[in-house]
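Let's take a walk through this protein together. Have a look at the picture first, and then we'll go piece by piece.

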Amino acid sequence: MQPAEQAAQFLQRQQLRLATAESCTAGLIASHIADVPGCGGTLKCAIVAYSPDAKEQILGVNPDLIARHGLTSEAVSLAMARGVMRISQADVAVANTGVADDGAPDGTPAGTQCFAWLFRLPGKTQTVREYTETRRFSGNRTEIRKAASEWALERISHYHALAMAAGRP
């Protein structure tokens with residue numbers, strides 16, 4: 001079974017609605033979920049915020065945060081996820097920002113991808129668990145973007161389990 005099918009089925013079983021905020025993957029995370037038949041109740045929204053000003057204007061990412069940490073950073077990915085969760089009121093938010101080819105002007109190597117996963121705890125609408133990580137993928141631009149989108153989906157169930165365990169009394 002493909003990562004998208006596994007993630008979509010997991011989200012359906014848990015009755016979770018997903019929102020994505022994507023930069024480098026440019027909508028692939030959401031697109032993979034949308035490819036799964038019957039996922040209509042699972043995907044709430046997807047925002048592609050490719051440019052820094054889109055991250056700032058649409059998702060509310062503070063420009064000072066970008067200046068301090070760089071576009072390819074867990075801090076920016078986390079801010080993107082917080083923004084899409086605020087906008088959508090989804091149960092799960094996934095965000096990605098990174099470099100797919102040639103590295104970045106700040107020296108970030110090609111293939112570097114930063115992710116954030118946020119989970120709103122059931123019955124505790126104000127309690128959100130947050131997780132971030134950085135990975136480096138190899139391949140050409142298309143392969144890196146595909147691998148990053150699949151990784152984002154594969155980690156949903158892992159981080160959901162951590163969030164639920166952390167939310168128990």
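Before we start, a word on terms: two strands count as paired if DSSP finds at least two bridges between them. Keep in mind, too, that this is a predicted model.

Start with the sheet. Five strands make it up, lined up as β2-β1-β3-β4-β5, and the sheet is open, with mixed pairing. At its edges stand β2 (43-48) and β5 (128-136); each has a single partner strand, so one side of each is left without a neighbour in the sheet. On average, neighbouring strands here are turned by 10 degrees against each other, direction ignored.

Now zoom in on one edge. Strand β4 (residues 112-120) is joined to β5 by 9 bridges, and the two run antiparallel. As a landmark, look for Phe119, which sits opposite Arg129 in β5.

Next, pick out Asn96, in strand β3 (residues 92-98). Is Asn96 buried or exposed? Its relative accessible area is 0%, and buried means under 20%, so Asn96 is buried. Its side chain reaches the backbone nitrogen of Thr25 at 3.1 Å. Asn96 also touches a number of residues further off in sequence, including Ile29, Met80, Phe115 and Ala148.

Finally, turn to helix α1 (residues 3-14). With 12 residues at 1.5 Å a residue, α1 should span 16 Å, and its end C-alpha atoms are indeed 16 Å apart. Pro3, Ala4, Ala7, Ala8, Phe10 and Leu11 are buried in α1. Seen down the helix axis, these buried residues fall within an arc of 160 degrees, so they line one face of α1. Right after α1 comes Gln15, with a positive phi near 55 degrees.

Key:
Residues are numbered from 1 along each chain as its sequence is written. This is a predicted model: local features need pLDDT of at least 70, side-chain atom pairs count only at pLDDT 80 or more; totals for chains, interfaces and linings use all residues. Side-chain values use heavy atoms; hydrogens and water are left out. Helices (H or I, at least four residues) and strands (E, at least two) are DSSP runs, numbered from the N terminus. Axes are lines fitted to C-alpha atoms, for helices over the stretch in contact, and angles run from 0 to 180 degrees between N-to-C directions. The expected span of a helix is 1.5 Å times one less than its number of residues. Buried means under 20% relative accessible area, exposed over 50%, partly exposed in between (1.4 Å probe, protein chains only). The arc is that of the directions from the helix axis to the C-beta atoms. A polar contact is a pair of N or O atoms within 3.5 Å; within protein, one must be able to donate a hydrogen and the other to accept it, and residues adjacent in sequence count only if both atoms are side-chain atoms. Contact means heavy atoms within 4.5 Å. Lists of a residue's contacts leave out its neighbours within four places in sequence.
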